[in-house]
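I opened a fresh page today to look up enclosed spaces and backbone oddities. My notes follow in the order I made them.

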Amino acid sequence: MSHRLLPALRLLLVLGSAVAFIECGGGSPTSPAPVVTVDPNTPTTPPPVTVTPDPEPVVPTTPPVIPPPGSSTTFVNVLGDTGWCGSPALGPLARLFERFDGDILLAGDLAYPSGTMEEFRNCFEPSFGRFKSRMRASPGNHDYVASVSAQSYFEYFGERAGPSRRGFYSFKAAEWTILMLNSNAAIQRGSDQYNFVRTTMQQTPTRCTMAVMHHPFDSSGINGPTPSLRDIWELMYNLGGDVVIAGHDHLYERHSPVNTDQRRDDAKGIRQFTVGTGGAPLYSRVRSALNSEVLISNYGVLRLKLNPASYEWQFMDMNGNVLDPGLNICH
């Protein structure tokens, strides 16, 4: 054998031995897989199932599409906190209703001090009863004193207080939607009253919308603001509401248009008038509401001219003198 072939032969022998070693199980040892014994009598627990709850539906508050306004115009006359036996204002205020036509919108507390039928008959009826066919009533807290259901209030006003004794309803006045609301009842998000307002403003929209309720969202009087009205104010703001009328504080106050945070908003804000000037003892300013423009401690009536796309106001004292006039455009 040639000496030159020896190195090659040795290499072949080494390679052959390595292959044989691998095929026979050589190499690094590995641990055997563990054997798991399952007892058939032992119950098994399935892995927990994670359930993701459906998100709550989002209620749209996008302003509805408003149809073009028509050409009708009407007047309404507004006051609250009346029916105070012996008040010197009752007779003169009634004479104003004789002079001026239009619906009479009542912002609550209509028979003092407890809203009994006797008080309606003795303190409201003599001065204002003959105008009942022109009235649209909204209840106040004193109307609930004698009865938790305001029984005498609903019996006295009948259909003029809305259907089903809920204390909230709506009607059309010329081109306007008027919401007569019950701020003594549930009015927060999710309540029947809240849903009623949303449905009314979305399904039968008009260019101009006004709401009448007893409690003011804000006030410079002794009763101050009503934070529980924030939800309904936000809803009306988002859906294009224009005016809110309140009573409760026995004074007249006009506020600039504001948003839900009580910040002035001339583009979309709602203007509030407090008209608790119907005969109950008058109040004075005890604080400065954020956006109060005018405060008058005087008996009187707020007379509104409701135009197709605007409104004009005149607050007049019980002798008919105009103390606060103005004009604003609807959203």
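How do the residues of the lining of the largest cavity divide into nonpolar, polar and charged? I should jot down at the outset that I am working with a predicted model. My tally for that lining is four nonpolar, four polar and one charged.

**Entry: the largest cavity**

I looked up the volume and found about 40 Å³. I then listed the lining: Phe217, Asp218, Trp233, His255, Ser256, Val258, Gln262, Ile270 and Gln272. Asp is a charged type, and Asp218 is on that list.

**Entry: the second largest cavity**

I counted two cavities of 30 Å³ or more, so I turned to the other one by the rule used for that count. The second largest cavity holds about 40 Å³ of space. I find Leu179, Met201, Thr209, Met210, Ala211, Met236, Gly241, Asp242, Val243, Val244 and Ile270 along its lining. These residues divide into eight nonpolar, two polar and one charged.

Ile270 caught my eye, as it appears in the lining of the largest cavity and also in that of the second largest.

Which strands each supply at least two residues of this second lining? I noted strand E6 (208-212) and strand E7 (243-246). E6 gives the most, with three residues.

**Entry: positive phi values**

Most residues other than glycine have a negative phi. With that in mind, I went looking for exceptions.

Gln262 has a positive phi of about 65° and is not a glycine. I place Gln262 in the loop between strand E8 (252-255) and strand E9 (271-275). Is Gln262 buried or exposed? Its relative accessibility is 15%, so it counts as buried, the cut-off being under 20%. I had already met Gln262 in the lining of the largest cavity.

Ala174 also has a positive phi, near 55°. This residue sits in the loop between strand E4 (169-173) and strand E5 (176-180). I read 35% relative accessibility for Ala174, so I put it down as partly exposed.

**Entry: a cis peptide bond**

Most peptide bonds are trans. Where does the chain depart from that, with omega near 0°? I found the cis bond running from Tyr112 to Pro113. Pro113 belongs to the loop between strand E2 (103-107) and helix H3 (117-128).

Notes
Residues numbered from 1 in each chain as written. Predicted model: local features only at pLDDT ≥ 70, side-chain atom pairs only at ≥ 80, totals over all residues. Heavy atoms only, no water. 1 Å grid on protein atoms, 1.4 Å probe; cavity = no way out; pocket = protein on both sides within 12 Å on 5 of 7 lines; lining within 4 Å. Points joined across faces, edges and corners; volume = space filled by probe spheres on them. Helix = DSSP H or I, 4+ residues; strand = E, 2+ residues; numbered from the N terminus. Buried < 20%, exposed > 50% of the residue type's maximum accessible area, 1.4 Å probe, protein only.
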